Every structure is written in structure tokens, then in C-alpha cells.
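Here are some exercises to work through with the structure open beside you. Try each task first, then follow the solution step by step.

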Amino acid sequence: MPSVATSLETGELSFGREDVRGYAAWPRGAHPRPGLVLVPDVRGLSEHYRDVARRFAAEGFFTLAVDLYSREGAPDLPDMAAVFRWMRALPDRRVLADLAAAVECLAGRSEVRADAIGITGFCMGGQYALMAACTVERLVACVSWYGMLRYAETDDVKPASPLDLAPGLACPYLGLFGADDAIIPVADVEALRSALVREGKTFEFEVYPGAGHAFFNDTRPDAYRPETAADAWRRALGFLRRHFR
């Protein structure tokens, strides 16, 4: 049986008016495939997220992991204060425009089914995955892994929080959260649930007891929870396959 490495194609892609870059991985063989935009966490397109893109590709998806920092390079984030300052200054409109360009990039490829494009993201990327699911056309499914939901304040850089945008959710949504996440209070998850119920949206939640932030990241022994990660992976794949059909 061929290994994942030999059964996949991989490559660097550029897309959009400003040549945003990304890393693509997709199965060899029959085409077209469902497409998936992958949004990394605040530290950017690391080798971990290239590996996650290959994992999704091995499951049958043409996966494009987006480098949100194509213009300025990955940030230096020595501590959590720097992380929060960076996220606060990142312009939401720019990020969402880049994700829309990534969706159009996939839709224009012969290997991808233009009617079966989804989005997934982790941490800050999970936040933007949900926001894209509320604002970007063509998306048919969204899986958000511990994506932040609430802004302390809004302004021109951060005009609307994910909770503000939630009533406009335009595709089925799966939210994967840790009950012990110090960054995302369970109260915020429940506020999102209430908003989606009120608006009659199609969604699923899983809040894992004993799991905190970044429970899927197997490069972080402090945060990684193998059993939780395996269950969330199974749920994510099942959700995407159901809605890509």
C-alpha cells in the first residue's frame, strides 16, 4: 500500500491580486475532489499545518493551507501578550479577502469540485474560518477548531466579532472546543449556540471535558490530548463528507 507521501501531490500556490501564498496537498488519481481551505493558527503556516494539510489530502480533499502572512512574514511572538497584540492589529477585512481568494483559487482548479469547497481552521484560524463561513461565497461546510468568538471591542480593524457575524452563517458549521480552554469561555460557546438556534442555522458543537486550547496540536505536548484529537478528527471528517455530498 503506498505511503501518504507517495500517494499525494503537493506544491506551493499563489493566488489573489496580491499573490497570497499557500501550500496545497491533494490525492493522486481520480478528479475532481472536494476542496478545503485550511487556516493556520496565529503563528502561521508552520510545518505542523503543512502536515495537517497532507492529512486532510490523504482523506480525499484538495487542501490549500493559506499563508496569511505572505506580505510581512511570520511574526515574532515571544509570549502571550505579543500574541494578543498581533491578533488585535491584524485587519479582518484583509484576512477575509485572502480567504475568499483562496476559495476562488480552488474553484478554478480542474482537480476540485467547485460545488464542494469547505473551510477549516485552528485557534485564530478557527475564528477566521467561522467568519469566512458568514461572509465568503461558495463555502458549503465549516469546521472550526477552538476558534475565538468574542472581541473585547470593535473598530475599523476589527469591525465585527465572530459572534456579531454568526447570524449570517451561510453553510453548515461544526465547532470543536475544549471545556477547559482559558481563551474561549464556555459561555461564549453557548452564546454562539443560542445565536445559531435563534437564526435556524445548521450546526453541531462538541465541547470536550478535560481539553484546553490547541488540543489537536501534536507538536505541543502541553496542550495535545490524543484521544480528544482523534475523536475530533473523526467528527470533522464525517461532517465534511456529509456536507460535501
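**Exercise 1. Find the helix that holds Asp92, decide whether Asp92 is buried or exposed, and list what it touches.**

Step 1. Asp92 belongs to helix α4; helices here are DSSP runs of H or I with at least four residues, strands are runs of E with at least two, and both are numbered from the N terminus. This is a predicted model, in which local features need pLDDT of at least 70 and side-chain atom pairs count only at pLDDT 80 or more, while totals for chains, interfaces and linings use all residues. Residues are numbered from 1 along each chain as its sequence is written, and side-chain values use heavy atoms, with hydrogens and water left out.

Step 2. Asp92 counts as buried because its relative accessibility is 2% (buried means under 20% relative accessible area, exposed over 50%, partly exposed in between, with a 1.4 Å probe and protein chains only).

Step 3. Look for contacts, meaning heavy atoms within 4.5 Å. Not counting residues up to four places away in sequence, Asp92 touches Tyr128, Met131, Tyr151, Val157, Lys158, Pro159 and Ala160.

Step 4. Tyr128 also offers a side-chain partner: its side chain and that of Asp92 make a polar contact at 2.5 Å. A polar contact is a pair of N or O atoms within 3.5 Å; within protein, one must be able to donate a hydrogen and the other to accept it, and residues adjacent in sequence count only if both atoms are side-chain atoms.

**Exercise 2. Check the span of α4 and work out how many of its residues are buried.**

Step 1. The expected span of a helix is 1.5 Å times one less than its number of residues. For the 16 residues of α4 that gives 22 Å, and the end C-alpha atoms are 23 Å apart, so the two agree.

Step 2. Twelve of the 16 residues of α4 are buried, so the helix is mostly covered. Among them are Arg94, Asp98, Leu99 and Cys105.

Step 3. For a second helix, try α5 (residues 124-135): its twelve residues reach 17 Å from first C-alpha to last, close to the expected 16 Å. Eleven of the twelve residues of α5 are buried, including Gln127 and Tyr128.

**Exercise 3. Name the residues with the most contacts inside the largest nonpolar core.**

Step 1. A nonpolar core is a set of buried Ala, Val, Leu, Ile, Met, Phe, Trp, Tyr and Cys residues joined through side-chain atoms within 4.5 Å. The largest one has 92 residues, and those with the most contacts inside it are Leu99 and Trp145.

Step 2. Helix α4 (residues 92-107) gives the most to this core, with nine residues.

Step 3. Leaving out residues up to four places away in sequence, the residues that Trp145 touches include Phe122, Leu176, Phe215 and Trp233.

**Exercise 4. Describe how strand β7 is covered and which strands it pairs with.**

Step 1. All six residues of β7 (residues 173-178) are buried. Tyr173, Gly175 and Phe177 lie on one side, and Leu174, Leu176 and Gly178 on the other. In a regular strand the side chains alternate between the two faces of the sheet.

Step 2. Two strands pair if DSSP finds at least two bridges between them. Strand β6 (residues 139-145) pairs with β7 in the parallel sense over four bridges, and Leu176 is the bridge partner of Trp145.

Step 3. Strand β8 (residues 203-208) runs parallel to β7, joined by six bridges. Here Gly178 stands opposite Tyr208.

Step 4. From β7 the chain passes through helix α7 (residues 186-198) to β8 in a right-handed β-α-β crossover. Right-handed means that, with the strands pointing away from the viewer, the path from the first strand over the helix to the second runs clockwise.

**Exercise 5. Locate His213 and find the polar contact of its side chain.**

Step 1. His213 sits in the loop between β8 and α8. Its relative accessible area is 15%, so His213 is buried.

Step 2. The side chains of His213 and Asp181 make a polar contact at 2.7 Å.

Step 3. Apart from neighbours within four places in sequence, His213 is in contact with residues including Cys123, Tyr146 and Asp181.
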